[in-house]
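Student: I would like to go through this structure slowly and ask, for each label put on it, what the label rests on.

Tutor: Then let us look at it together and set each value against its cut-off.

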Amino acid sequence: MSTITVRGLDDVVVRALKLRAAREGRSMEAEVRSILTAAAKGTENDRGFGSFLTTTFAGAGAPEIPARTELPEAVDLT
């Protein structure tokens, strides 16, 4: 295992990491390790929005669009 040091983190970031770690029931170090591991592995969010939509709506089929029975009235511009 390697060790890294991250310098120059804003106090707001450190506070947010501490809160996030507490919500997860682990140390800040363990939380940062989890975040870095997930970021390095990549997630499904890395695929792009189009791929996300394709996967989400796969097999949904085309929506039924009712026939238009009424046409809008013409607007007199004179």
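Student: How many salt bridges does the structure hold?

Tutor: The structure, which is a predicted model, holds three salt bridges.

Student: What makes the contact of Arg20 and Glu31 a salt bridge?

Tutor: The side chains of Arg20 and Glu31 meet at 2.6 Å, N to O, and a side-chain nitrogen of Arg within 4 Å of a carboxyl oxygen of Glu is what the term requires, so the name applies. Arg20 lies in helix H1 (residues 11–24) and Glu31 in helix H2 (residues 28–41), so this pair ties together parts that are eleven residues apart in sequence.

Student: Why is Glu31 called buried, and why is Arg20 called partly exposed?

Tutor: Buried means under 20% relative accessible area, and Glu31, with a relative accessible area of 1%, is therefore buried. Arg20 has a relative accessible area of 38%, and since partly exposed covers the values between 20% and 50%, that is the label for Arg20.

Student: How do you know that Arg20, Arg26 and Glu31 are linked in a network?

Tutor: Glu31 takes part in a salt bridge with Arg20, and the side chains of Glu31 and Arg26 also meet in a salt bridge, at 2.6 Å, N to O. Arg20, Arg26 and Glu31 are linked in this way as a network of salt bridges. Arg26 has 35% relative accessibility and counts as partly exposed.

Student: What makes Arg33 and Glu29 a salt bridge, and where do these two residues lie?

Tutor: The closest N and O atoms of Arg33 and Glu29 are 2.9 Å apart, and the cut-off is within 4 Å, so the pair qualifies. Both residues lie in helix H2, four residues apart, about one turn of the helix. Glu29 is at 58% relative accessibility, and exposed means over 50%, so Glu29 counts as exposed. Arg33, with a relative accessible area of 44%, is partly exposed.

Student: Why is the protein chain described as more spread out than a compact globule?

Tutor: The protein chain has three helices and zero strands, and read along the sequence the pattern is α-α-α. Its radius of gyration is 25 Å, well over the 12 Å that the globule rule gives for 78 residues, so the chain is more spread out than a compact globule. Along its principal axes the C-alpha trace spans about 70 × 40 × 20 Å, and Leu9 and Ala67, 58 residues apart in sequence, are 59 Å apart in space, C-alpha to C-alpha. Of the 78 residues of the protein chain, 5% count as buried.

Student: What makes Ile4, Val6, Leu9, Val13 and Leu36 a nonpolar patch on the surface?

Tutor: Patch residues need over 30% relative accessible area and no salt bridge, and nonpolar side chains are joined within 5 Å. Leu9, in the segment before H1, has a relative accessible area of 42%, and Leu36, in helix H2, is at 46%, so Leu9 and Leu36 pass the accessibility cut-off. Together, Ile4, Val6, Leu9, Val13 and Leu36 have about 450 Å² of accessible area.

Student: How much area does the protein chain expose, and how many charged side chains does it have?

Tutor: The protein chain exposes about 7600 Å², and carbon and sulfur atoms supply 56% of it. There are 10 positive and 11 negative side chains, and the centres of the two sets lie 16 Å apart.

Conventions:
Residues numbered from 1 in each chain as written. Predicted model: local features only at pLDDT ≥ 70, side-chain atom pairs only at ≥ 80, totals over all residues. Heavy atoms only, no water. Buried < 20%, exposed > 50% of the residue type's maximum accessible area, 1.4 Å probe, protein only. Rg over C-alpha atoms; globule rule 2.2 N^0.38 Å. Areas by Shrake-Rupley, 256 points an atom, 1.4 Å probe, with all protein chains shown as cover. Lys, Arg positive; Asp, Glu negative; His and termini not counted. Charge placed at Lys NZ, Arg CZ, Asp CG, Glu CD. Patch = residues over 30% accessible without salt bridge, like charges linked within 9 Å, V, L, I, M, F, W, Y side chains within 5 Å.
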